[in-house]
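Dear colleague,

I am handing over to you the structure shown below, together with an account of what was found in it. Please read the account with the model open beside it.

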Amino acid sequence: MVIESAIAEAAIETNIKQFLSVLAVSLGVATLPQIFSWFRQIPYTLLLVIVGLGLAFVDVRLVELSPGLILSIFLPPLLFEAAWNLKWSDLKQNLVPICLYAVVGVVISIAGVAFSLNQFAALPLTTALLIGASLSATDPVSVTAVFRELGVSSRLTTLMEGESLFNDGMAVVAFEFLVALSFGNTQLGVQPILVQFFVVVGVGVAVGGLIGFGISYLTQRFDLPLVEQSLTLVAAYGTYIITEDLGGSGVIGVVTCGLILGNFGSRIGMNPRTRIIVSEFWEFLAFFVNSIVFLLIGDQVHFTTLGENLGIIAVTVGAIVVMRAIAIYTLSQLSNYTTKSNIPLPDQTVLCWGGLRGSVSIALALSVSAALPERDKIIATVFGVVLFTLLFQGLTIKSLLQKLNLLGARPQQEQYMEFLARRVALDRVLKQLQADQRPGIDPEFYRYQEALIEGSIEDLQTEIEQLQSQYPDLKNFSAEQLRSELLATEANTYAEFVKAGRLNRELSPFLPEVLHTGDGQSD
């Protein structure tokens with residue numbers, strides 16, 4: 001018993017040391033762009049992959065990456081954070097193309113990759129199907145980070161994130177079915193596939209919905225920001241574990257729960273200050289987990305194994321790119337025709353090229369049973385394709401956006417905010433000058449300074465009006481800024497009343513509902 005306890009303590013100490021080493025390297029990478037400006041051209045997650053590859057090249061392994069670590073520990077918070085921040089109104093408007101990409105697109109990807117590997121790389125059909133299923137899940141974290149940085153349209157971001165959230169679940173369902181098929185635990189046919197699909201998805205939606213709505217109504221009963229924040233964390237992991245234990249898709253469950261809490265629970269059960277606290281917590285957690293995952297993706301690469309399977313990797317990369325293009329262009333046209341929506345060709349091209357693969361694909365590949373003789377080949381192929389999509393496609397997405405003229409107005413927004421800030425500052429200076437008439441100072445000096453400031457204000461106002469005429473969307477941007485300021489004012493007022501003892505708890509957030517009701521009118 002003493003020996004077992006000592007072994008357990010040694011294992012815990014080793015795990016803590018490994019965790020701290022991974023964290024130290026990740027945070028060190030985060031500081032590189034601040035020290036060397038050239039690194040700012042590379043998205044943070046891709047920079048982590050590159051550093052991880054460097055560590056792998058010198059054979060430094062920070063930790064052993066396992067499917068359980070990714071699927072059970074890393075995946076739930078990443079899915080929940082993305083779903084929490086995804087607006088239901090945006091998702092509802094784009095639900096048809098997202099579902100087409102996430103369901104039909106997964107089938108097209110699996111079939112195309114499996115056929116290509118079977119015909120051109122002479123892989124057994126079972127192995128080819130498992131590789132196709134592993135690589136059918138997209139992970140566009142780096143791409144969406146670039147979208148936000150450059151101010152790309154919110155619809156394109158919603159399409160990319162929405163597809164990723166739902167096709168993760170579809171990919172896991174397809175992979176588990178194919179694994180069961182390879183061991184003879186299920187049979188191939190339309191009815192068994194549909195039954196398993198609806199059971200797995202149905203259980204996920206039911207459990208996620210039950211937990212999401214349950215916590216939403218529970219948080220109405222009290223106002224304890226740290227407790228509510230903790231409940232969302234429990235919801236993310238609890239939903240995943242319970243759904244998996246009941247035979248459903250933990251991915252679908254977490255996404256459902258996150259959507260409900262982010263769009264419903266945070267509105268009816270949380271005041272504005274709590275929503276800000278919870279959102280900032282999940283932003284930190286997503287950054288934290290992504291930092292670890294992308295570093296370990298690069299660190300787990302075995303270059304010798306990749307070299308031995310280079311031909312298979314090349315065939316798979318070609319099939320992935322071609323099938324992604326077929327799926328996106330075909331399904332986008334179908335969506336445009338059936339829903340009368342309009343996904344322009346440039347947007348389709350970005351969706352096609354932005355279909356990166358990441359942690360889910362690697363987790364699925366690593367979970368392949370050692371009883372399958374082609375397991376090492378599956379893992380090597382998936383790692384090779386993931387690296388290609390992350391490094392080649394991920395690093396070129398910004399250039400593609402520039403060539404397609406899809407960059408947003410972020411530079412203009414920053415310039416606009418600078419002009420507004422200078423205008424407000426000069427207004428305050430002018431008021432201070434007019435109020436502070438000190439004896440002993442020549443009145444002519446005051447008049448001269450006042451004329452200078454008023455001239456600067458006039459010049460700034462002219463530049464502001466020119467920007468507004470050139471970029472009409474800046475008016476909507478100003479409205480969003482004002483809305484954020486009003487919400488912050490409301491939250492601060494409640495906090496002041498509570499701190500002064502004039503309220504026992506903060507008031508229900510009436511103002512956000514009023515502001516959101518006015519969205520349609522302002523547009």
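The findings are set out below by topic, beginning with the helices and ending with individual residues. Please note at the outset that this is a predicted model.

Packing of helices

Two packed helices are described by the angle between their axes and the distance between the axes. One such pair consists of helix 5, which covers residues 95-120, and helix 14, which covers residues 310-339. Their axes lie 8 Å apart, and the packing angle is about 150°. Helix 5 and helix 14 are therefore roughly antiparallel to each other, since an angle over 145 degrees is counted in that way. The crossing of helix 5 past helix 14 is right-handed. Sorted by class, the residues in this contact comprise 18 nonpolar and 9 polar ones, with no charged residues.

A second pair is formed by helix 3 (residues 67-84) and helix 12, whose axes come within 9 Å and cross at roughly 135°. That angle makes helix 3 oblique to helix 12. In this case the crossing of helix 3 past helix 12 is left-handed.

Individual helices

Helix 8 spans residues 154-182 and has 29 residues. At 1.5 Å a residue it should span 42 Å, and the C-alpha atoms at its ends are 41 Å apart, which agrees. Helix 8 nevertheless contains a kink of about 25°, and the centre of this kink is N167. As to its surroundings, helix 8 is mostly covered, with 22 of its 29 residues buried.

Helix 10 runs over residues 225-245, a total of 21 residues. From its first C-alpha to its last it reaches 30 Å, close to the 30 Å expected at 1.5 Å a residue. Its buried residues include P225, E228, Q229, L231 and T232, and further along the helix A235, A236, G238, T239, Y240 and T243 are also among them. Just after helix 10 comes G247, which takes a positive phi of about 90°.

Residues paired in space

Which residue of helix 10 can be related to V278 by a C-alpha separation of 7.7 Å? It is P225, which is 53 residues away from V278 in sequence. V278 itself has its place in helix 12, which covers residues 272-299. With a relative accessible area of 0%, V278 is buried, and P225 is likewise listed among the buried residues of helix 10.

S361 belongs to helix 16, which covers residues 359-366. The relative accessibility of S361 is 0%, so this residue counts as buried. Along the chain, S361 and I379 are 18 residues apart, and their C-alpha atoms are separated by 9.5 Å.

V424 is located in helix 18. Its relative accessible area is 42%, which makes V424 partly exposed. I457 is 33 residues from V424 along the chain, with 9.1 Å between the two C-alpha atoms.

Loops and backbone angles

Is L123, in the loop between helix 5 and helix 6, buried or exposed? At 4% relative accessibility, L123 counts as buried. In sequence, L123 and E374 are 251 residues apart, while their C-alpha atoms are 9.0 Å apart in space.

The loop between helix 5 and helix 6 (125-134) also holds A122. With a relative accessible area of 67%, A122 is exposed, whereas L123 is buried.

Most residues other than glycine have a negative phi. Against that background, A122 deserves a note: its phi is near 60°, a positive value in a residue other than glycine. N405 has a positive phi too, of about 55°, although N405 is not a glycine. This residue is found in the loop between helix 17 (375-403) and helix 18 (410-435). N405 counts as exposed, at 67% relative accessibility.

For a first inspection, I would suggest the contact of helix 5 with helix 14, the kink at N167 in helix 8, and the positive phi values of A122 and N405.

With kind regards

Technical notes. Residues are numbered from 1 along each chain as its sequence is written. This is a predicted model: local features need pLDDT of at least 70, side-chain atom pairs count only at pLDDT 80 or more; totals for chains, interfaces and linings use all residues. Side-chain values use heavy atoms; hydrogens and water are left out. Axes are lines fitted to C-alpha atoms, for helices over the stretch in contact, and angles run from 0 to 180 degrees between N-to-C directions. Helices (H or I, at least four residues) and strands (E, at least two) are DSSP runs, numbered from the N terminus. Angles under 35 degrees count as roughly parallel, over 145 as roughly antiparallel, 65 to 115 as roughly perpendicular and the rest as oblique. A crossing is left-handed if the near helix is turned anticlockwise from the far one by less than a right angle, and right-handed if clockwise. Ala, Val, Leu, Ile, Met, Phe, Trp, Tyr, Cys and Pro count as nonpolar, Asp, Glu, Lys and Arg as charged, and the others, Gly among them, as polar. The expected span of a helix is 1.5 Å times one less than its number of residues. The bend at a residue is the angle between axes fitted to the seven residues ending there and the seven starting there. Buried means under 20% relative accessible area, exposed over 50%, partly exposed in between (1.4 Å probe, protein chains only).
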